[in-house]
Amino acid sequence: MAWKANPELVKKLRENDVFGAIYDEELVPEYSLPDPLLCLDGTKVTDVKGWIEKRRPEILELFRTYMYGRPPLEKLDCFRYEIFDIEKNALGGIATRKQIKIFFTKKEIPYFNLLIYIPNNFESPVPIFTLLHFYGNHTITEEKAIPINLEWDRENACQYMPEENTRGSHSKTIPVRNIISRGYGVATAYYGDILPDIKNCYQYGVFGAFDHLFGEKRPLDAWGAISAWAFGLSRIMDYFETDQDIDSKKVVVVGHSRLGKTALWAGAQDERFAIVISNNSGCGGAALSRRRFGETLKIINEVFPHWFCENFKKYKEKEEDLPFDQHMLISLIAPRPVYIASADQDLWADPKGEFLSTKNAEPVYKLFNLEGLPCDEMPDLNSPVMGTIGYHIREGKHGLTEYDWNFYINFSDKHFRKK
Ligand code: GTR
C-alpha cells in the first residue's frame with residue numbers, strides 16, 4: 001500500500017503552523033512539471049548524445065544561474081593538503097584513521113579537517129562514503145586524537161569551543177563501525193569550516209577567501225552556502241584522487257537535510273561522485289518546489305537568505321515560473337545511481353514531493369536504458385525500492401539513522417559489487 005501521511009500528524013502540524021505552510025494533500029496547488037528532455041529551443045532530446053551535449057549542460061546552467069549560484073573561480077590553483085595523523089590501529093584495530101587539513105589557498109585559513117576511516121580487513125583501495133556534518137569531527141567517534149576546534153553557533157552567529165565531553169556525541173548519525181565492517185571507508189568534515197551557516201557568512205570561509213574575485217559587487221548568481229559546501233565536497237574528492245587506499249571511482253556522497261541538498265548539488269555537478277544519496281533533503285533538495293507542501297521557497301529564502309543565490313528569491317510564491325523543478329536536479333545525476341530517502345514524520349520536507357521528483361527523474365535514466373525507480377507509486381513505510389534509482393520512506397523523524405545507513409550500504413553493494 002502506498003504511503004500516506006498520518007492524518008493525526010497533519011492535524012497537529014496544521015494547528016501549530018506559524019508559516020502558513022500546507023500539510024494537506026488536498027491543498028497542494030495544481031502544477032505541471034517542466035520536461036527534463038525538452039530543450040529551451042523547443043526541441044526534444046531523444047538520445048544519450050543529445051542529453052550529454054545539449055540538455056544536461058543547459059539544465060546545470062539553469063540551476064547555477066537561478067538557484068544555487070556559482071563560485072567566482074573554476075579551478076583552485078593553490079589547493080593543498082597536509083596529512084597530520086595516520087593511525088593504523090584505530091577503533092580497536094578494525095580501521096586506519098587519517099586526518100588531513102585541506103587548504104583552499106596559500107594562506108593558513110580557511111581550511112577544514114577531513115577525518116577518514118579505512119577498513120583494515122578489506123583489500124584496498126576501498127569504496128568510501130563521504131559526507132559533511134553539522135558538528136566537529138570529534139563528535140563522530142571518541143578517539144582522543146581527533147582535535148576539538150572552534151564551531152559556529154548558528155543561532156547566535158558566534159564561535160564557541162566545544163566541551164571535551166562532546167566527543168562521540170553524534171556517533172549515531174555516522175555509524176562508523178558498521179560502515180567499516182561492510183568494507184567501506186568513511187570520510188567526514190565539519191561544514192562550518194567551509195562556510196559558517198549564518199546569515200552574515202560573507203566574510204568567512206570560502207566566501208571570505210574568494211568573493212573578492214567578483215569585483216565590487218556580488219552578482220545575482222553568486223554562490224550561496226549550499227554551493228560553497230558542495231565546493232568543499234569536490235575538494236574532498238580531489239584529495240581522494242591522491243590517496244591510494246581509496247577507490248576514487250567508488251565514492252558515495254551522502255548528506256542529511258541542508259547537507260542533503262548539498263550532496264545532490266555536489267553530485268549533480270561533479271561527475272566523479274559515483275553514487276549520490278539524499279537523506280531528508282526536502283525543499284531546495286529532493287522535494288518538488290511546485291507542490292508548495294511544508295517548507296516553501298518563500299519560507300526557505302526568508303529564513304536562510306544565504307543558502308541560495310540572489311536570483312532565486314524572485315521565485316518566492318512564483319514556483320511555476322521556475323525553468324526547472326527538483327526532479328531535474330536528480331536527473332543530472334544520471335546515469336549514476338541515486339538514492340532519495342524520506343521520513344514519515346518529516347512532513348516539513350514533503351516526503352511525497354521527494355518521491356515524485358525522484359520518479360520524474362526517470363525519463364533521463366530510461367534514455368540510458370537503465371531501470372530507473374522500479375515502482376509506480378509511493379512505496380509503503382519501511383519498504384525500500386532499489387533500481388538505478390532508489391527510494392525509501394522510513395518511520396520516524398527528520399534525521400540520519402542507522403536504518404537509513406543500512407540501505408545506503410545495501411544500495412552501494414548492489415551497484416559496486418555487481419558480479
Ligand atoms: C530546517 C530547514 C530545512 C532543512 C533543515 C536541516 O530548518 O527548514 O530546509 O534543511 O533545517 O538542515 O536540518
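Analyst: Ala, Val, Leu, Ile, Met, Phe, Trp, Tyr, Cys and Pro count as nonpolar, Asp, Glu, Lys and Arg as charged, and the others as polar. The model discussed here is predicted.

User: How do the residues lining the second largest pocket divide into nonpolar, polar and charged?

Analyst: Eight are nonpolar, eight are polar and two are charged. Among the residues nearest the centre of this pocket are Ile109, Asp193 and Gly205. By the definition, Ile counts as nonpolar, Asp as charged and Gly as polar. The volume of the second largest pocket is about 470 Å³, and helix H4 (residues 205-210) contributes the most to its lining, with three residues.

User: What is the volume of the largest pocket, and which helix gives the most to its lining?

Analyst: The volume is about 590 Å³. Its lining has 20 residues, and those closest to the centre include Arg64, Leu73 and Gln269. Helix H5 gives the most, with six residues. The lining divides into nine nonpolar, three polar and eight charged residues.

User: Why is the pair between Arg258 and the ligand called a polar contact?

Analyst: A polar side-chain atom of Arg258 lies 2.5 Å from a ligand oxygen. The cut-off for a pair of N or O atoms is 3.5 Å, so this pair counts. An N or O atom in the Lys261 side chain is 2.8 Å from a ligand oxygen, and for Glu295 the distance is 2.5 Å. These pairs also lie within 3.5 Å, and therefore they are polar contacts.

User: How much of the ligand does the protein bury?

Analyst: Taken alone, the ligand exposes 320 Å², and the protein buries 80% of that.

Methods. Residues numbered from 1 in each chain as written. Predicted model: local features only at pLDDT ≥ 70, side-chain atom pairs only at ≥ 80, totals over all residues. Heavy atoms only, no water. Polar contact = N/O pair within 3.5 Å; in protein donor to acceptor, adjacent residues only side chain to side chain. Areas by Shrake-Rupley, 256 points an atom, 1.4 Å probe, with all protein chains shown as cover. 1 Å grid on protein atoms, 1.4 Å probe; cavity = no way out; pocket = protein on both sides within 12 Å on 5 of 7 lines; lining within 4 Å. Points joined across faces, edges and corners; volume = space filled by probe spheres on them. Helix = DSSP H or I, 4+ residues; strand = E, 2+ residues; numbered from the N terminus.
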